[in-house]
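I set aside this session to go through one structure and write down what I looked up. The entries follow the order in which I took the topics.

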Amino acid sequence: MRFLAKLRLAWKFRGPLIAVALVEKGNHTHNFTHATHKPLVMRNLKIVTRSLLRFSGEEPLPLTETAWDPATNALICSFGPSESRATIELKRLHYTRNGAEERLENIASWDAPCPLPSLTHDSVLSLQHFSDTATSCLILAGGDIVLVRENPLANEELVEIVGSVDAGISAAAWSPDEELLAITTLADTLLLMSRDIENIASINLAPEDVNVSNHVSVGWGKKETQFKGKRARALQDPTVPESVDEGVLSALDDRSVTISWRGDGAYFAVSKVDEDRRRMIRVYSREGQLDSVSEPVDGLEGALSWRPSGNLIAGVKRSSDKMEVVFFERNGLRHGQFDLRLSQESLDELKMPLALKWNSDSSVLAVAYPDKVQLWTMSNYHYYLKQELPFQEASTKPIACTWHAEKPLALAISTADALQILEYASTVAAGSTVPPNDFGMIASIDGLTLKLTPLRLANVPPPMALQTLSLESVPVDVALSKSGTRLAILSNCELAVYALDMHKRPIPKPVPVWRSDALKDYSPRHVAFFGNESIHVLIDNWDEEEAFLWRSEGTDVVPHGPIMETENVSSLLSSVDHSAIYTEFQNGALHQVDMTEDMSPQTPLVQKLPTFCAEVQVAHVEGQVLAFGLTKSGILYANDRVLARNCTSFVVTSAHLIFTTTQHLLKFVHLSTAEELEVPADEPQKDERCRSIERGAKLVAVMPTVYSVVLQMPRGNLETIYPRALVLAAIRRNIEAEQYDEAFLTCRNQRVDMNILHDHDPERFMANIEKIVIQIKKIEHIDLLLAQLRDEDVSETMYKETLKAKELDTKSHLSQDKIANKVNRICDTFLAVLEQSQYKDVHLQNIITAHVSKVPPALENGLEMIGRLQAIQDPLTDKAAEHICFLADVNQLYDTSLGLYNLDLTLLIAQQSQKDPREYLPHLQSLQDMSTLRRQFTIDDQLGRRAKALLHLRDLQVFDEVLEYVQKHALYSEALSIYHYDTSRLKEIMRFYADHLSANNNHKEAALAYEFLDDYSSAWPCYRSANLWREALSSATLAGVSEEELVSIASSLAEGLTESKDYLSASNLTLDYLSDLPSAARLLCRGCHFAEAIRIVTLRRQSDLLTSVIDPALVERSAE
């Protein structure tokens, strides 16, 4: 290829410029407040995609740099130059394709001689791909800036040198928004260029830059000048370090320069050794303004990576006994560190510097060694080593690590002749969720330790754990068996199986059962259990394109065969009940592994998810395979159906799908066929299947046996909750199994309305009352159950929505009559059981409670029972009285006991109350001094029971008192009933009753009473007052009034009837008693009774009244 002559300038560009395109791409523009799906401490990094490639051939060029193309999800690779071949080849790697020829696609190749005599050959320092223009930019150590266009125009070159730095380049890095290029030269100059390779700033890296940040030393000076008196250490301020670093250079520092940008592109950091004395990190703004420099740190090396979220700058510090990743703030001050946990032997052998690289969402830090890459995560201020990716041959420099810009957990790691492309998912290694083996066992990987916590037995907060298992190598994957008694730990060196005992207390440490190193020459990926003993392992091989399945036989693992499918396999997983093993492929297909085949494993297709899901769980429901998958974008599938588009985590149990959403809700879906799954609405106030949770919380474990859910907050702490959906499901299971003691305790502990014990299955409850008494046993618990009963069907009101739809259709409902009488019916049934001889003495308190719990309370029955105990001087009398006073109002009990005429019982109740003895003792004594009937009368009178008091007076045979009492309290009806057969006294009472009615203007009733007494003289005025003219005139006639007085009475009644416009009655009275035909005719005409008026006129042969009375009335009426 022909190159144009380079212009020897400090830097310059030539040729066509790169077109500037302002394109927002995925995660390239970082927002510091953006919520990211960070891996949590209880989660592990699980491989879901892996490609292993080796590069060979005649004089192969070394792989020097890689860059992701987010638009095509391909990897751009630069090969060369090397000392033997001054050539650079740029290729596109489609790692998801099969076959080496189909994977690698040549982009360009050109000669690249090194212009600097100080270098044996040129090298690629930076490779950046611009997806919007399909171009790649390579920065070479010799000083050239090369642009490669994949689709050049007619007037453009495929490969073009668009600029060069004469002094050579020591480091280069593009900003995250791809608009700025930072370059450091071998002449200690920092250059800032635009995407068009136009110079923006040129800054000299001078030793005087250290004065920008005046870091104040707060140490205690040199050791020899420190006073070490008695108790000096105890008096020392713990916040002040004993010594202060001076920036001593590491003996193994390679003097390299590193540049790293902050996620938003506003600042970048440069790590460089100044005057061969101290390594210093300079922080520059986007405009090239020096913002700060780091404080001195002894042993600081060249590794540098600014966390994209912006809060920390990571570097590496080497000491004589350890290596640490140290953090700096933007102002240059130290902000914590963590140990890389190297043994002394490994530390002595490590003579090369390390490299650091944060992923795009700041959740994972990659630490690159010459022979391996470690992936670290942080939670609760503790750093966890989650994965270690070894290479078979060590490189001469730290392994190159390139994170995907839009897929936070996808990365490419490479050496000169090998490349690994991996994508991870953040998943929980948890035990079974099927009762009774749902111990909530969580296995968290942390380097050479595995942290085990059975959350059902011990909710130990991270970073602590109930048990810590020491390992010989970093695990790749962990699996637990169906019963939780076996633990399989898969690492790059071996498969180790441990025995667990969840039933012994305290829980013993896991015991090794067997281990096998048969996989040491392969790259293991996943391990899964089939049942309790059978183990399957998914492995990759550097020499084969297919993935392989291995399985356990006895105490070893043997090959099961390759997975012969066109698509690449993603993961190996067990079903929820561990009854089957499945493999998921990159196209979303789910295949079941045939366990009967001894040769190559057959994997028939059982389900096909619409797209690849990083997390998959499989359940068997009604003979159907139900596959739940969660994509990294938050779409939750059930087979091919979309259940939610905002899911953040999920767990499947034998009865429920449980998931969290971005709206901070926890939802429960009852398992059924995929078409019948019902997802509750976002209504936590109305539906028990939906519950609000803390912002950002994710599911860790679900334990249906103890109806609990463990969530992990973004800051790392655990919270255990007891959702109503799980609690009610457990209660219903216990009721259907007739385990009423478990159901009762669950209701009591979780504050569930205890009416559900009856309402869920009323017939079963009523048929098992005796069993309930035997199971619950404790008297106070039975009391609590009886006291909470009410006439309501809670299975139709409070807890209706938590049942499956088909269960709601088939469930029997209580009729309204049964609901209205529910409490009394249950209490009567309990009484029938408790009053049996074998229960009566022990459950006396429950018998009283059953009486008082009725609606209305049967207080008399309860008090009568206490009275019987008191009569036989039972020692339980006082306790029974105290209990009934606790259940009911003591004043009401006092009155009720008085009403039983049992003064001893009344005294006992009064002693349990707050009444003043000076009040009730004299009162009771006065009652005691009376005769029986007088005492009963006095008590009933005081209690307002007048009818009963009247009976006692009758029995006392004091009729004068009876009359006085009847008149005082108007008990005439009761008195008449009592003396119904005593005619003389009956009439006497009736006389008082009639007078009482008359005085109270009950004239009709008074008249009737007088008529009963044959007192017509008193009856007719009452009838007249009641406007009953017929009865009044009849009574007056019977009373023997004179003819004149009768006419007077009739006249007054007629006037009253006329005023009340009862003209017909008035005319009849006028005609019959006053013999006034004209007036009667006029009254009939006024009432429009013309026909009747004509009839009576003609009947009496007075036709002249037709013209004188009736015709004028007709004319008058017609005029109206």
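The notes below cover the domains, two sheets, three helix pairs and a few backbone details.

**Entry: model and domains**

I am working with a predicted model. I began with the division into domains, which lists domain 1 (58-164), domain 2 (165-208 + 242-353), domain 3 (425-608), domain 4 (611-722) and domain 5 (1006-1119). Domain 2 is written as two segments, 165-208 and 242-353. I then looked up how far apart domain 3 and domain 5 lie, and their C-alpha centres are separated by 111 Å.

**Entry: the sheet with β2**

I traced an open sheet of four strands, ordered β2-β29-β28-β27 and paired in the antiparallel sense. Its edges are β2 (44-54) and β27 (400-403), each of which pairs on one side only. Between neighbouring strands of this sheet I noted an average turn of 20°, direction ignored.

I followed the edge strand β2 to its partner β29 (residues 418-427) and found ten bridges in an antiparallel pairing. As a register point I wrote down Lys46, which stands opposite Ala425 in β29.

**Entry: the sheet with β11**

I went on to another open sheet of four strands, with the order β11-β12-β13-β14 and antiparallel pairing. β11 (169-174) and β14 (199-204) are its edge strands; each has a single partner, so one side of each has no neighbour in the sheet. The twist from one strand to the next averages 15° here.

β11 and β12 (residues 180-185) run antiparallel and are joined by five bridges. For the register of this pair I noted that Trp174 stands opposite Leu181 in β12.

**Entry: α22 and α24**

I turned to helix packing, where two packed helices are described by the angle between their axes and the distance between the axes. Helix α22 (residues 959-969) packs on helix α24 (residues 983-999) at about 30°, and their axes are 11 Å apart. Angles under 35 degrees count as roughly parallel, and α22 and α24 are therefore roughly parallel to each other. The crossing of α22 past α24 is right-handed.

Which residues of α22 and α24 meet? I listed Phe959, Leu963 and Gln967 from α22, and Arg985, Glu988, Ile989 and Phe992 from α24. By class, the contact of α22 with α24 holds four nonpolar residues, one polar and two charged.

**Entry: α30 and α32**

Helix α30 (residues 1077-1086) and helix α32 (residues 1104-1119) pack at about 20°, with 10 Å between their axes. That angle makes α30 roughly parallel to α32. I noted a right-handed crossing for α30 past α32.

On the α30 side the contact is made by Leu1077, Pro1078, Ala1081, Arg1082, Cys1085 and Arg1086. On the α32 side I found Leu1105, Val1109, Ile1110, Ala1113 and Arg1117. The contact of α30 with α32 divides into eight nonpolar, no polar and three charged residues.

**Entry: α30 and α31**

I stayed with α30 and checked it against helix α31 (residues 1090-1099): the axes come within 8 Å and cross at roughly 165°. Angles over 145 degrees count as roughly antiparallel, and this makes α30 roughly antiparallel to α31. α30 passes α31 in a left-handed crossing.

From α30 the contact takes Leu1077, Ala1080, Ala1081, Leu1084 and Cys1085. From α31 it takes Phe1090, Glu1092, Ala1093, Ile1096 and Val1097. I counted nine nonpolar residues, no polar and one charged in the contact of α30 with α31.

**Entry: cis peptide bonds**

Is the peptide bond from Pro435 to Pro436 cis or trans? I read it as cis, with omega near 5°. Pro436 sits in the loop between β30 (429-430) and β31 (441-446).

The bond from Val855 to Pro856 is also listed as cis, with omega near -5°. I placed Pro856 in the loop between α14 (844-852) and α15 (859-871).

**Entry: positive phi**

I looked up Asp276, a residue other than glycine, and its phi is positive, near 55°. Asp276 lies in the loop between β16 (267-274) and β17 (278-285).

Tyr381, likewise not a glycine, has a positive phi near 60°. I found Tyr381 in the loop between β25 (372-379) and β26 (382-390).

Technical notes
Residues are numbered from 1 along each chain as its sequence is written. This is a predicted model: local features need pLDDT of at least 70, side-chain atom pairs count only at pLDDT 80 or more; totals for chains, interfaces and linings use all residues. Side-chain values use heavy atoms; hydrogens and water are left out. Two strands pair if DSSP finds at least two bridges between them. Helices (H or I, at least four residues) and strands (E, at least two) are DSSP runs, numbered from the N terminus. Axes are lines fitted to C-alpha atoms, for helices over the stretch in contact, and angles run from 0 to 180 degrees between N-to-C directions. Angles under 35 degrees count as roughly parallel, over 145 as roughly antiparallel, 65 to 115 as roughly perpendicular and the rest as oblique. A crossing is left-handed if the near helix is turned anticlockwise from the far one by less than a right angle, and right-handed if clockwise. Contact means heavy atoms within 4.5 Å. Ala, Val, Leu, Ile, Met, Phe, Trp, Tyr, Cys and Pro count as nonpolar, Asp, Glu, Lys and Arg as charged, and the others, Gly among them, as polar. Domain bounds come from an automatic or database domain assignment.
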